[in-house]
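User: I am new to this structure and would like a close look at just one part of it. Please start with a single pair of residues and then show me, step by step, what lies around them.

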Amino acid sequence: MTDVTSAKSARRPHHWRRDLIELAALFTAVAVADAIANLIGHTPDGPYLLVASAVALAVTAAFHTWWARRHSHAPPPETDTDTGDTDGALASSGVEEDLETVLWRMRTTVRDTPGTLAALCIALARHRIDILTLQTHPLAEGTVDEFLLRAPAALPAQQLTREISAAGGSATWIERADAHDLVDAPTRVLGLATRTALDAAELPLALRQLLGRCTIHSLPALSITGRPTGESAPVEGVLEETVMRLRDPSGGVITVERPYLPFTPTEFARARALVELDARLGPRVPRSEDVLTLPEGNEITVRRADRSDLAAARAMHDRCSDRTLGLRYHGPVRDADRYLDHLLSPRFGRTLTVQTASGRLVALGHLLWDGDETEVALMVEDDWQRRGIGSELLGRLVALAVEAGCESVYAVTQAHNTGMVAAMRALSLPLDYQIEEGTLVITARLGATPVLPAAPHGQTEQTPQARR
């Protein structure tokens, strides 16, 4: 549109003063010619001089016309754009405002020399690909460039990879992105740091969101039986291509693996900064509470739990029957309390507890980070079972899993544990069942925000009600 406007404004308007000046010049030329003709026409050679002058003028005019055409400085001839056909001009230039596009995240390694990034940008521009964000990760030899691209939907990833390789990129990796990736890197890192500062359980999730698709394991320094595991890492951490090992502030080591894409020193420094922030802040868990009222009138409080609740949780274990402990831990009941120190650590997940008005813990619900997967587990004290407490905890744990970006959760129980099966079915989510030698694994796919479950079968009037 700018070219169209400038072309139109370059043409000067036609004024009557210009015509008057040209007419005056014409009359002056005629008068001068008449005077010259009268002066030399009466001489013997007058007619020959007039003919020679006419020929000279004609040759001069012809030469001027040829020279002007060869070295013209006139504006370009009028096009459809000059006549106002802007739609046709835009169409001929290939601009399509309604072109369907998709988002891609792409990484490629280039030589650290001038012009290499420009070559990549030119290759992308040829296919009408818009660069939304760009990050550079310096290496000892070369540079890793990370792009967020908006490309035509008809352009396949394989062709895009070939074009980047032809432009000098190597070890190219590409995957589909979404609107959440539109946030720039500093803003995303600050957001993850804020989440980590508010809740120690967020550190593994923050690392996963920072580094993309990866597997994170928190390996404790002591086993459940109290023996040293030998897992440790230096304070500065260790980076080995596709694996980084960071010292866990609570003891042990945090291992991050990403086999499909090596980590860069920049990513390693960011991950180490998050872990250092967690270490400086120390143990912390949000202290939000929800007070619920059971149908019989008893009030219970649902809140987050941590290692400060270890003594109360052990007391609850002592009050539970062997059957309840067996359904929860699937192993020797005498070793059940040894798991509590691990389960209540925010490093391995999130724990919800149910507390009575007198302060007694009567139920525990765990959301445990298990590598790429997430496990849910419940235990309700015998005297408080069949009141909808387990279903209430399970619904809240699944909601936490959805908030954390988990794709699914699974529960491991016994085939005859009908209460847990009913609670999982009440989530109204797609379920997968696997059973082997009496052990049942139920996996719920979190494709949508879960619906808070109803009470167990036969107890439709026993759902706790939140106090407003």
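Analyst: Let's begin with W104, which stands opposite R176 in β4. Please keep in mind that this is a predicted model. The strands behind this pair are β1, residues 101-110, and β4, which pair in the antiparallel sense over five bridges. It helps to know that strands of a sheet pair through backbone hydrogen bonds, either parallel or antiparallel.

Now step back to the sheet around that pair. The sheet is open, has four strands and follows the order β2-β3-β1-β4, with antiparallel pairing. Its edges are formed by β2 (130-138) and β4 (170-176), each of which pairs on one side only. On average, neighbouring strands here are turned by 15° against each other, direction ignored.

Stay with β4 for a moment, as this strand has another detail to look at. A171 lies in strand β4, and this residue has a positive phi of about 50° although it is not a glycine. A second residue of this kind is R128, whose phi is near 55°, again a positive value in a residue other than glycine. You can find R128 in the loop between α5 (116-126) and β2, the latter being one of the two edge strands.

Strand β4 also holds one half of an aromatic pair. How many such pairs does a search of the whole structure find? There is one. The rings of W173 and Y260 have their centres 5.7 Å apart, and their planes meet at 35°, so the pair is tilted. This pair links distant parts of the chain: W173 sits in strand β4, while Y260 belongs to the loop between β8 (253-257) and α9, 87 residues apart.

That loop leads us to α9, a helix that returns in the rest of this tour. Helix α9 lies across β1 and β2, running at about 85° to β2. So which helices does α9 pack with? Let's take α7 and α8 in turn. Two packed helices are described by the angle between their axes and the distance between the axes.

Helix α7 (residues 185-198) and helix α9 (residues 265-281) pack at about 25°, with axes 10 Å apart. Angles under 35 degrees count as roughly parallel, and α7 and α9 are therefore roughly parallel to each other. Their crossing is right-handed. On the α7 side, A185, L192, A193, T196 and A197 meet R270, L274, L277, D278 and L281 in α9. Sorted by type, the residues of this contact of α7 with α9 are seven nonpolar, one polar and two charged.

Next comes helix α8 (residues 203-211), which packs with α9 at an angle of about 165°, their axes 11 Å apart. Here the helices are therefore roughly antiparallel, α8 against α9. The crossing in which α8 passes α9 is right-handed. The contact is built from L203, A206, L207, L210 and L211 of α8 together with E267, R270, A271, L274, V275 and D278 of α9. Among the residues of the contact of α8 with α9, eight are nonpolar, none is polar and three are charged.

The helices α7 and α8 also pack with one another, at about 170° and with their axes 9 Å apart. That angle is why α7 and α8 are described as roughly antiparallel to each other. In this contact, R188, V189, L192, R195 and T196 of α7 meet L203, L205, A206, Q209 and L210 of α8. The residues divide into six nonpolar, two polar and two charged.

One more stop remains, and α9 takes us there. A further open sheet of four strands has the order β5-β8-β7-β6, with antiparallel pairing. Its edge strands are β5 (215-219) and β6 (238-240), each pairing on one side only. Between neighbouring strands of this sheet the average turn is 15°, direction ignored. Strand β6 pairs with β7 (residues 243-247) in the antiparallel sense over three bridges, and V238 stands opposite R245 in β7. Helix α9 packs on this sheet, touching β6 and β7, and its direction makes about 25° with that of β7.

To put the picture together: α9 lies across β1 and β2, packs with α7 and with α8, and touches β6 and β7. Our starting point, W104, stands opposite R176 in β4, the strand that also carries W173 of the aromatic pair.

Technical notes
Residues numbered from 1 in each chain as written. Predicted model: local features only at pLDDT ≥ 70, side-chain atom pairs only at ≥ 80, totals over all residues. Heavy atoms only, no water. Axes fitted to C-alpha atoms, helices over the stretch in contact; angles between N-to-C directions. Parallel < 35°, antiparallel > 145°, perpendicular 65-115°, else oblique. Left-handed = near helix turned anticlockwise from the far one by under 90°. Contact = heavy atoms within 4.5 Å. Nonpolar A, V, L, I, M, F, W, Y, C, P; charged D, E, K, R; others polar. Pairing = 2+ DSSP bridges. Phe/Tyr/Trp six-rings, centres within 6.5 Å; stacked < 30°, edge-to-face > 60°.
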